[in-house]
Amino acid sequence: MSPVAKRSIGLLVSLTVLAGCASFPEAQPLERVDTGSGYRYANLEGAENSEELFVILSFSGGGTRAAALAYGVLETLRDSWVEMDGEPRNLLDEVDVISSVSGGSFTAAYYGLHRDAIFEEGGRFQRDFLYRDVESDLKRRLLNPYNWARLASPTFGRIELAEEVYQERLFDQASFADLADDGRKPFLLINATDMDKGSQFTFVQSQLDPMCVDLDSIPLSRAVAASSNFPIAFTPLTLNSYPGRCGYQEPPWVANALEGLNTNPRRYYRARHWQRYQEPERDHVHLLDGGVSDNIGLRPALDALRAPTLQEVEWSVLNKMNREIVDKLVVIVVDAKSEDLAADFDTSPRSPGPKRVINTIATTPLANYSFDTVELLRETLRDREDAQRLSLEAGTGMHQIDLYYIYVGFDQLQDDAERERFQRIPTRFRLPSEEVDALRQIGAELLEQSPCFQQLVGQREGSGGRLCSH
């Protein structure tokens, strides 16, 4: 046998062995549930104090388009101040919770990990993600022969290659243990979708308690990869699970919710999903893009505004309002949704092709669901405003909270050409520098031009105990 043939056979054997060994990185089991440790809202510095001004941000999906729009909003919050109790407070420092999906999760996670370092001009976030052709990085990883054998393994998929890129470019070896050790707000809610249940899956320790999984062992890059795991383009991301091994005790709200199918069906099905994570045969959970279940990242805020107890939602805003902790509630929704303005299905008798059908299936239901979610948030805040008004008229002493709902989205643009320009920007991880610059700028402008934001920072007059919604 020739030396070349021997080397070829040796390489083939090596690749075969490698294929059999490749697997997703496993999360570590949780020895016992301890609410005093791990990445939980109550364990963060200031979680029980300085909540008079409670600020929630939600960052939508949309690839680099979403990441850049969210980045522009963060830049504006960094430079904005609000007066509380006669003292100026920086709005970015006052953010309590950031809930994100897909492209928005890159900005949220990097800010949560590195804080103001995200704003460094030419720094790592800008250089290695925001202005970088990340798609080419992903393609090079996929086309590398070294990875072909790894991909032949049934427990190693394209999403693992994507995670490796995100880890190298942005997050290194950082895990949720780093966020827990840092112990500062904002509380990050990086959201994916449970493929089996079709429900939202959030990377916080309370979500992983019934699975007996230690969130501290999960890399931040893996959570971001799950959150941005667009179906078909990537394989589902797998988390192993160890139900029944950590002494987990089901909270009372679950049993109560299971008795209320007709009175509160949404809470009922949430409890059912919660119980399924405890089933002993469920050794794994498979995750897809967070946008599949909520492309605007707003559902956790809705849960927090409706859940009365901290056992049900560990940062229940309703609980904090009922305890008269919150004086101002601010919800800022950053929505980078695009629109297929070129759609012309109804102008021709021809049936739309497969590409058009797939694009419609992937985007239109999400857009409709996001609209309904935003309207549900408005309704929830209006109900609170009405209750406060009736209480004030009756003299029953309900705590009067200033409510602010602020929406940052391209459909707020008045100029038709400008609005269409931004709505046409594709959902990709590669955009020209001038488009990234424009997205940063328009995110800042939309926030600054919001009448409710202007009222919040004292540029407009507003009345206490009322809802400002714009």
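**A guided tour: a helix pair and a pocket**

Begin by selecting residues 103-114, which form helix α3, and residues 158-171, which form helix α7; in this predicted model the two helices pack at an angle of about 45 degrees, and their axes lie 12 Å apart. That angle makes α3 oblique to α7, because it is neither under 35 degrees, over 145, nor within 65 to 115. Turn the view until one helix lies in front of the other: α3 passes α7 in a right-handed crossing.

Next, display the side chains where the helices touch. Which residues meet there? From α3, select F106, A109, Y110, L113 and H114; their partners in α7 are Y166, L170 and F171. By type, the residues of this contact divide into 7 nonpolar and 1 polar, with no charged residue.

Now leave the helix pair and turn to the second largest pocket, whose volume is about 1,100 Å³. To find its centre, select Q207, R270, W274, E312 and V313, which are the closest to that point of the 38 residues that line the pocket.

Which helices and strands should be coloured to follow the lining of this pocket? Strands β5 (187-194) and β6 (200-202), together with helices α9 (205-208), α12 (265-276) and α13 (299-306), each supply at least two of its residues. Spend a moment on α12, since the largest share of the lining, 5 residues, comes from this helix.

Finally, colour the lining of the second largest pocket by residue type. The view should show 17 nonpolar, 12 polar and 9 charged residues.

Conventions
Residues are numbered from 1 along each chain as its sequence is written. This is a predicted model: local features need pLDDT of at least 70, side-chain atom pairs count only at pLDDT 80 or more; totals for chains, interfaces and linings use all residues. Side-chain values use heavy atoms; hydrogens and water are left out. On a 1 Å grid over the protein atoms alone, a cavity is a set of points where a 1.4 Å probe fits but cannot get out, and a pocket is an open set with protein on both sides within 12 Å along at least five of seven lines; lining residues have an atom within 4 Å of a point. Grid points are joined across faces, edges and corners, and a volume is the space filled by probe spheres set on the points. Helices (H or I, at least four residues) and strands (E, at least two) are DSSP runs, numbered from the N terminus. Ala, Val, Leu, Ile, Met, Phe, Trp, Tyr, Cys and Pro count as nonpolar, Asp, Glu, Lys and Arg as charged, and the others, Gly among them, as polar. Axes are lines fitted to C-alpha atoms, for helices over the stretch in contact, and angles run from 0 to 180 degrees between N-to-C directions. A crossing is left-handed if the near helix is turned anticlockwise from the far one by less than a right angle, and right-handed if clockwise. Contact means heavy atoms within 4.5 Å.
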